[in-house]
Protein chains: 2
Amino acid sequence: MKYSKLFPKTIKQVPQDTTLKSHQLLYRGGFIRESVAGRYYFLPLALRVNQKIQAIIKDEMDKAGGQELSAPILHPIALWKETNRTTSVGFELMKVKDRNEMEFVLGGTAEEMIVDLIRKFQISYKDLPLNLYQFSTKFRDELRARGGLLRTREFTMKDAYSFDVSEEEFKKEYRKMGDVYTRMFERMGLKTIVVESDNGYIGGEYCHEFVVESEVGESKFLVNKDGTYAAHEDVARFIPEKKNAGEVEKLLQEVEVVRGATMEDGVKLHNLPLWQQIKDVLFVDENGRFILAIIRGDYDVNETKLLHIIKAYQLRHATEEEIREKIHSEPGFISPVGIKDIVDKNVELIIVADETLATIKNAYGGANKKDMDLLNMNMGRDFKPDIVADIALAKEGDIAPDGSGPLAVKRGIEVGNIFQLGFHYSSRMVNATFIDKDGKPKPYYMGCYGIGLGRTMATIAEISNDEKGIIWPEGVAPYKIHLVGLDLEEESVKGEAERVYKLLQAEGLEVLFDDRIGISAGEKFADADLIGIPYRVVVSKKTGDKLEVKKRSEKEIGFYTLEEFLKILG
Amino acid sequence: MKYSKLFPKTIKQVPQDTTLKSHQLLYRGGFIRESVAGRYYFLPLALRVNQKIQAIIKDEMDKAGGQELSAPILHPIALWKETNRTTSVGFELMKVKDRNEMEFVLGGTAEEMIVDLIRKFQISYKDLPLNLYQFSTKFRDELRARGGLLRTREFTMKDAYSFDVSEEEFKKEYRKMGDVYTRMFERMGLKTIVVESDNGYIGGEYCHEFVVESEVGESKFLVNKDGTYAAHEDVARFIPEKKNAGEVEKLLQEVEVVRGATMEDGVKLHNLPLWQQIKDVLFVDENGRFILAIIRGDYDVNETKLLHIIKAYQLRHATEEEIREKIHSEPGFISPVGIKDIVDKNVELIIVADETLATIKNAYGGANKKDMDLLNMNMGRDFKPDIVADIALAKEGDIAPDGSGPLAVKRGIEVGNIFQLGFHYSSRMVNATFIDKDGKPKPYYMGCYGIGLGRTMATIAEISNDEKGIIWPEGVAPYKIHLVGLDLEEESVKGEAERVYKLLQAEGLEVLFDDRIGISAGEKFADADLIGIPYRVVVSKKTGDKLEVKKRSEKEIGFYTLEEFLKILG
């Protein structure tokens, strides 16, 4: 490709709100432009990177037995109703009606579509395991788009769906896909951390994110020193320190107090440690149920964990009015002790205690009345939660659940994820079955596996760059060689540069040839550095029968004949 | 790929409404399945064919200087309003709103999007010619989907847009793209006829369809014997026979008649030829204007031509009530003579006469009153049309406009089209300009070029098949070799088949290996014929150290060693 013809050229300025490095560089280099917020054009250079990423994914998926297909982008809403996802998804669905008033969802993920496809055939155990995948445009009506390609509303995703005869067989597939993902990203120059995470609106019981460590990432996760345990903050577990768990239970005591409504007010007043205080958080779920989450004072409630425990999909904090009029308690003084006896009869109240409460005795906190506190509360004796479970948000320094040491909090960009779906879809959709060896239909066990291509490209640009521009890893670079012609106003030099261009192409190498006349060497080098192609090769009146070669990732310049250079490329 | 693992397998039955050969074969062979009407899954075999088609298109577009990019699928409706296409397009737009109430069109064609991209940059004459293309999912809310992939509501299209400094430069690009298209289709095994056609909702002045002759096609076109003139019936021109054009004009005469309202009734009553009668057709356009189209009795009005002449985009026939109450004429007795004097004052009436009326004298027809006819009407003397133009529908046997002989009516499938757009978009959209040599901004001259990938695949299947199945041309076949293993229950045969499978793959050949055990030779051969891969290679207990080779397109079977077979493949 001759750079003189490439659309578009680089530019020096970026719009003011362009804060992320990857966004700035991809913008300036002429890789991307925004249509409207969160919807991007992929310009020719970006499209080439995207195609390389796609080719790597396809190669690895095919080697692992995946079969590529494609499903329509418009999903009949009837399918999403079959699994209740029209009401439960965490992103706003975009819906559209056709001229016949048939309603569709703009696909954001395609579990229902693929199950609906498979049930058009009578598949048997012989057809399993089956892994079907596609590359297609997905839509998410995100509240806020951000950071160029890091969070967009329309993007190409590779989504794969696996079908197995049993959980046992599925686990092999899940492990295999985990390995495939790690390898894919390695080939793109990305080191990923496999992070346990929440399954969100997908369904199923467990899943993992593939995260590239980066300060600008939206994924906050906890990881131990050697990386053997890594989990998203939504799901991270830990071993809580046993505080005064061995203490003798003292007499429950109600005391009059004058204090504010915060935890700190309680600590100051009673002069007791924060961890000995009970933190009471009252939520309301989408069905109007009240949930009292109680936890040791030095921890926060993890709403994601809580949602799963109570099998709800949305929580909000109860209002002060609700606390007073429905629960008949008092903001800042809520207590699990006796609370079920005072609530309105038509209120459903569920008490969920975090496991950390088992590590303390003689806790203190409110008494469901203004300016009254309780001392020496003990779980089991003074209050009986409906559920005791892990609903805590892990924090820096907590001990990893495998006992391997303290956890550190890190940030990263989620480039891929893999989900166990189990029977979530096959139990909700009719005829989502295979014929087993005994001739009987049985639901299949599912998993799914996603990668956003644009976000992957942006992540590479975000972590692989210097002050001059992007440094594309060879596996995904838009071209392998950036041939810079200098002094091209001299016919002989121009002829030599053209000759080298043709010879390199004849070797099957991808070359971007800066053939512009009247542009300074400095400008051409700046463009080459910005665009970030692995090898810069200069032909000028000084280079003679050699080529001046510099790797984008290195400082050294070398002079080689064409033959020597080809050998270096291997 | 092992056929035992391929999803899905072939089946014998097709749904009842599956009438087209291509639909039946693609369905039975396991290439496609419908989600809902007009929206299809491309299963693994079809996806491979699609990717081959895409690769051929990309290769030819790149060689011709095209640059691939991708635009969002959701187009901000503001852009479509800029060109008035929200009201003028011939297909129903699908619209969708996001959570912020921003309105989008689901892209069916992307002229506005590409112009909106280009105007984000300051391009100059040095950047032109520019040809940008993409492969992306397009949406058309068709009233009726039909025939499998031949007319769908959602499909992958390659759409290209060219930008030139002048009409003269554009014409070179247009011719080049025409050649590119012909070559692309040849590589896919399709012989295309380049047919002048109507530009529909795209805008611009001329365009051509690439049509593959087929009885099931929706494109009806007229073509002369040697193919030097071919045009869609919407736009086909011809040289009308000069009937009695030399006759002396006789006196206009009004006569009382008792006849029905049809043309035939007039012929019978007056005992004069059909061609001497004036056919009067009254239309109403989208703005409520009345259009009286008049034409020689042996021709029909071509509504597409008429629309262009009067610059409207929709026509309907006037009702009998309108003819009586607005025009004050009489159904079956309309006449151009004196009609402007009798219409309602608030009615705008435009008389458009077809050029064929210049080939006759002393015409007869209605008199704008019930049971009254006029004889010896002569254009110019008795009535003066507002417009005289070609608004006739050409028919079988008419003489081609270049005088090259009679035209034949044929049917075909439109697989691609190329459009002159001229300044249609660059004049309607602001800043749709390039900086010319004189430093001033000027609008660029545009063209666009489309190919539907799924329809192309279906067309190949429609014309390249026999009673047993599809016969894929080598350039687009899902695999090159269909290796059929027989007698695989014998370990030694199975080993040999596996060995051949691996050796062929090691040669870089794409092989589908029917490795199923317990399936008869007859069934395996039937599947191979149905799927239609170019080479069938059999390994069985009888083949020994040879391979049994049969081309799908031929009857002969040959026996070769692996080395000999590889030589045949070349």
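Trainee: Which strands pair in the antiparallel sense over 3 bridges?

Mentor: Good place to begin! Two strands count as paired when DSSP finds at least two bridges between them. In this predicted model, β18(B) and β19(B), the latter covering residues 372–377 of chain B, pair in the antiparallel sense over 3 bridges. Look along β19(B) and you will find Leu374(B), which stands opposite Gly365(B).

Trainee: What is the order of the strands in the open sheet of chain B?

Mentor: The sheet has 3 strands, in the order β13-β19-β18, and the pairing is antiparallel. Its edge strands are β13 (253–256) and β18 (363–366) of chain B, each of which pairs on one side only. On average, neighbouring strands in this sheet are turned by 25 degrees against each other, with direction ignored.

Trainee: Now for the core. Which residues touch the most other members of the largest nonpolar core?

Mentor: Residues in such a core must be buried, with 20 or more other C-beta atoms within 10 Å of their own. Here the largest nonpolar core has 312 residues, and Leu483(A) and Leu483(B) touch the most other members. Setting aside neighbours within four places in sequence, Leu483(B) is in contact with several residues, among them Val500(B), Leu504(B), Phe513(B) and Val539(B).

Trainee: And how many helices and strands are in chain A?

Mentor: Chain A has 15 helices and 31 strands. Its C-alpha trace spans about 100 × 65 × 50 Å along the principal axes. Of the 570 residues of chain A, 45% count as buried. Taking contacts in chain A between residues at least 6 apart in sequence, 71% join residues at least 24 apart.

Definitions and conventions
Residues numbered from 1 in each chain as written. Chains lettered and ligands numbered in written order. Predicted model: local features only at pLDDT ≥ 70, side-chain atom pairs only at ≥ 80, totals over all residues. Helix = DSSP H or I, 4+ residues; strand = E, 2+ residues; numbered from the N terminus. Axes fitted to C-alpha atoms, helices over the stretch in contact; angles between N-to-C directions. Core = buried A, V, L, I, M, F, W, Y, C linked by C-beta atoms within 7 Å. Buried ≥ 20, exposed ≤ 12 C-beta atoms within 10 Å, placed from the backbone. Contact = placed C-beta atoms within 7 Å.
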